[in-house]
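Hi,

Here's the structure I promised to pass on. Have a look at it first, then read my notes below.

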Amino acid sequence: MLSHGRSARTGWIRDLALYWRELLFWMLLLPAFGALGSIRPRRQIGGLIEACAFLLVAISSAGKLKSLGLEFANWNRVGRRAAAACVVVGLLAGGAIVVVASLSRQPLGTESGWNKVILAVALGPVLEEVIFRGYLLTAALLLTRRLSGSSSAVTSITAVAVFFSTAHLATPGTTPLQLCCIVLTGCLYGCIRLRYRSTAAAALAHAAYNLTLYLSYWCDISR
């Protein structure tokens, strides 16, 4: 019995060590975020180069990270049809939110500047989905299964989506309607993540969603 307890503790320590190794891998995105958010053009260009390099590594690593011990984020390869479906779903969701924003005269929260577009359409979706639909959803599913013995994912998806929306409270001017929309899109990304068993699929939908908001901004449909 004592041996079994020690083995369980050792297993948790090993999992935790792997967890941190993954976090360090994805934290390589943070310098690119900081550089792209700078007001200095040279730093923005440097951030763009860092972002392209990281995304190239991330795309080429899809489905291969498990062999490196990086398995918690579920950054798995997505087939062409699945990728196209994720993009279409993201575009449709973005279009629906644009309509809601226009009817309610709510701002979309888009910002001008090419560096902001890169952050919102490329880096932001990857980092947010890895954190929320990768690590947090994986942890929520494991916790729900241990506490209730149920394999239902509805509670986990909803809880992570709510947490996803509260993380946006730090953005000035966020309205209750915007928070509700963020919860709904968070649930959508969670469903996509489980449907295709890939956080990369959720990131594709998220990127397409953000792109739709910027397209409406550039076309002067909404602000």
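**Helix pairs and a pocket**

Let's begin with α7 and α8: their axes come within 7 Å and cross at roughly 145°. Keep in mind as you read that this is a predicted model. The α7/α8 crossing is right-handed. On the α7 side, the contact is made by T185, Y189, I192, R193 and Y196, while α8 brings T199, A201, A202, A205, H206 and Y209. Sort the residues of this contact by class and you get 7 nonpolar, 3 polar and 1 charged.

Next, step back along the chain to α6, which covers residues 154-166. How far apart are the axes of α6 and α7? They are 8 Å apart, and the two helices pack at an angle of about 135°. That makes α6 and α7 oblique to each other. Their crossing is right-handed. If you want to find the contact on screen, pick out I157, T158, A161, V162, F164 and S165 of α6. Facing them from α7 are L179, I182, V183, G186, C187, Y189, G190, C191 and L194. Here the classes come to 11 nonpolar and 4 polar, with no charged residues. By the way, Y189 of α7 turns up in the contact with α6 and also in the one with α8.

The third pair is α5 with α6. These two pack at an angle of about 140°, and their axes are 9 Å apart. So α5 and α6 are oblique to each other, and α5 passes α6 in a right-handed crossing. From α5, the contact uses E128, F132, R133, L136, L137, A140, L141 and T144. From α6, it uses S156, I157, V160, A161, F163 and F164. In this contact 10 residues are nonpolar, 2 are polar and 2 are charged.

Now for the pocket. The largest one has a volume of about 1,000 Å³, and 37 residues line it. To find its centre, look for L108, G109, H168, T171 and N210, the lining residues that lie nearest to it. Which helices supply at least two residues each to the lining? They are α4 (80-104), α5 (114-148), α7 (176-196) and α8 (199-218). Of the helices, α5 gives the most, with 8 residues. As for the character of the lining, it divides into 22 nonpolar, 12 polar and 3 charged residues.

A good way to tie this together is to colour α5, α7 and α8 and then show the pocket: these helices help line it, and you have already met α7 packed against α8 and α5 packed against α6.

Cheers

Notes:
Residues are numbered from 1 along each chain as its sequence is written. This is a predicted model: local features need pLDDT of at least 70, side-chain atom pairs count only at pLDDT 80 or more; totals for chains, interfaces and linings use all residues. Side-chain values use heavy atoms; hydrogens and water are left out. On a 1 Å grid over the protein atoms alone, a cavity is a set of points where a 1.4 Å probe fits but cannot get out, and a pocket is an open set with protein on both sides within 12 Å along at least five of seven lines; lining residues have an atom within 4 Å of a point. Grid points are joined across faces, edges and corners, and a volume is the space filled by probe spheres set on the points. Helices (H or I, at least four residues) and strands (E, at least two) are DSSP runs, numbered from the N terminus. Ala, Val, Leu, Ile, Met, Phe, Trp, Tyr, Cys and Pro count as nonpolar, Asp, Glu, Lys and Arg as charged, and the others, Gly among them, as polar. Axes are lines fitted to C-alpha atoms, for helices over the stretch in contact, and angles run from 0 to 180 degrees between N-to-C directions. A crossing is left-handed if the near helix is turned anticlockwise from the far one by less than a right angle, and right-handed if clockwise. Contact means heavy atoms within 4.5 Å. Angles under 35 degrees count as roughly parallel, over 145 as roughly antiparallel, 65 to 115 as roughly perpendicular and the rest as oblique.
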